[in-house]
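Welcome! Here is a short briefing to help you find your way around a structure you have not seen before. Have the sequence and the 3D view ready as you read.

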Amino acid sequence: MSFDQQPGGYARLSPSLAVADHEPDRNLALELVRVTEAAAIAGGSWAGLGDKNRADGAAVDAMRKVLSTVRFNGVVVIGEGEKDEAPMLYNGEQVGDGTGPECDVAVDPIDGTRLTAGGYDNALAVLAIAERGSMFDASSVFYMEKLVTGPEAADQVDLRLPVKENLHLIAKAKGLKVHQLNISILDRERHHRLVHEIREAGARTRFLMDGDVASSIAAVREGTGTDAVMGIGGSPEGIITACAVKALGGVIQGRLWPTSDDEKQKATDAGHEIGRVLSTSDLVTSDNCYFAATGITDGDLLTGVTYAKDRISTQSIVMRSKSGTIRTIDGEHPTSKWDNHRP
């Protein structure tokens, strides 16, 4: 049975649930969760098997199939895959059933392909949408320097400030000492100096193997033990994170980080100013955007997919910035209704 035939809701929406033609409606939220559930179930079936490209390919195929049933007219503005020659939903691809509101779409069928392949924590299937023309088009530059933190310090931090000063501002806003701060950062050679500066200021680092979306969301939520995310990560993840931050509060600031003269030229040709600090509202201008994610492996944000004899279990989160609503959804899916969910 194909994805669009499943009784779990992968048919097109009935007229009673149809969204307005000019902007995304609240009823779209559950449809987006179905998309990330499908990607997580398909990609998660490869967890721990050591083949990140097959995991990513399965997630991409599932996400594309279910997206085609959702009543909206979407264009992928931020796709994933080109930088590592992996399968991808490509930039400029038309998604949705072609009716309903016109939307920008940012996708990452698996945020953390290596995490999935190795069976490590914090792999997610993620998707974000916003009104057409509202997402920053960072397709010319694959990487972005980022600073993400919660609402307390949102109006005080500045990516242009020294690391030590930003840490002191975050600590003061949170009512903490700098040595109590936990800063998440991708474990990359390019971050050696940044790690030194964070530790020299007295804060602690938490290294991420891959995938900074889950940690970025943790940085803007209370009680997670993560106070900020710093460093250079993927531009697609930055746009997706901005949609979540719009709903949660807090801030993401980004600065394009081209890795070659060719990328610099592409960014300039696209009208981007290298070195400009982009705010949350620069990354996503609309106040009506959505973020949806489903856990592939267990992590800080969500539990991963589990496969039982007759049941597949998922946990997802969906947010809408216009209402500020955040929902966590536990799903159970009969194994008999899914084809090819395991390799």
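In this predicted model, Glu145 and Arg255 form a salt bridge, with their closest N and O atoms 3.1 Å apart. Glu145 belongs to strand 5 (residues 143-149) and Arg255 to strand 9 (residues 251-256), so this pair ties together parts that are 110 residues apart in sequence. It is a good place to begin, and the points below go on from there.

**The two partners of this pair**
- Glu145 is partly exposed, with a relative accessible area of 24%.
- Arg255, on the other side of the bridge, is buried, at a relative accessible area of 18%; it counts as buried because that value is under 20%.

**Other salt bridges**
- The structure holds 16 salt bridges.
- Asp158 and Arg160 make one of them, and their closest N and O atoms are 2.8 Å apart.
- Within that pair, Asp158 counts as buried at 19% relative accessibility, whereas Arg160 counts as exposed at 60%.
- Salt bridges with shared partners also join Glu102, Asp104 and Arg132 into one network.
- Arg54 and Asp51 meet through their side chains in a salt bridge as well, at 3.8 Å from N to O.
- Here Arg54 is exposed, with a relative accessible area of 53%, while Asp51 is partly exposed, with 27%.

**Helix 1**
- Helix 1 covers residues 28-44, which makes 17 residues.
- From its first C-alpha to its last, helix 1 reaches 24 Å, close to the 24 Å expected at 1.5 Å a residue.
- Most of helix 1 is covered: 16 of its 17 residues are buried.
- As a general reminder while you look at it, an α-helix has 3.6 residues a turn, so residues three or four places apart point the same way.

**Gly304 and its surroundings**
- Where along the chain does Gly304 lie? Look in the loop between strand 10 (289-295) and strand 11 (306-307).
- Although it sits in a loop, Gly304 is buried, with a relative accessible area of 6%.
- Leaving aside neighbours within four places in sequence, Gly304 is in contact with Gly295, Ile296, Thr297, Asp298 and Ser313.
- Gly304 and Ile41 are 263 residues apart along the chain, and their C-alpha atoms are separated by 9.3 Å.

Methods
Residues numbered from 1 in each chain as written. Predicted model: local features only at pLDDT ≥ 70, side-chain atom pairs only at ≥ 80, totals over all residues. Heavy atoms only, no water. Helix = DSSP H or I, 4+ residues; strand = E, 2+ residues; numbered from the N terminus. Expected span 1.5 Å × (residues − 1). Buried < 20%, exposed > 50% of the residue type's maximum accessible area, 1.4 Å probe, protein only. Contact = heavy atoms within 4.5 Å. Salt bridge = Lys/Arg side-chain N within 4 Å of Asp/Glu carboxyl O.
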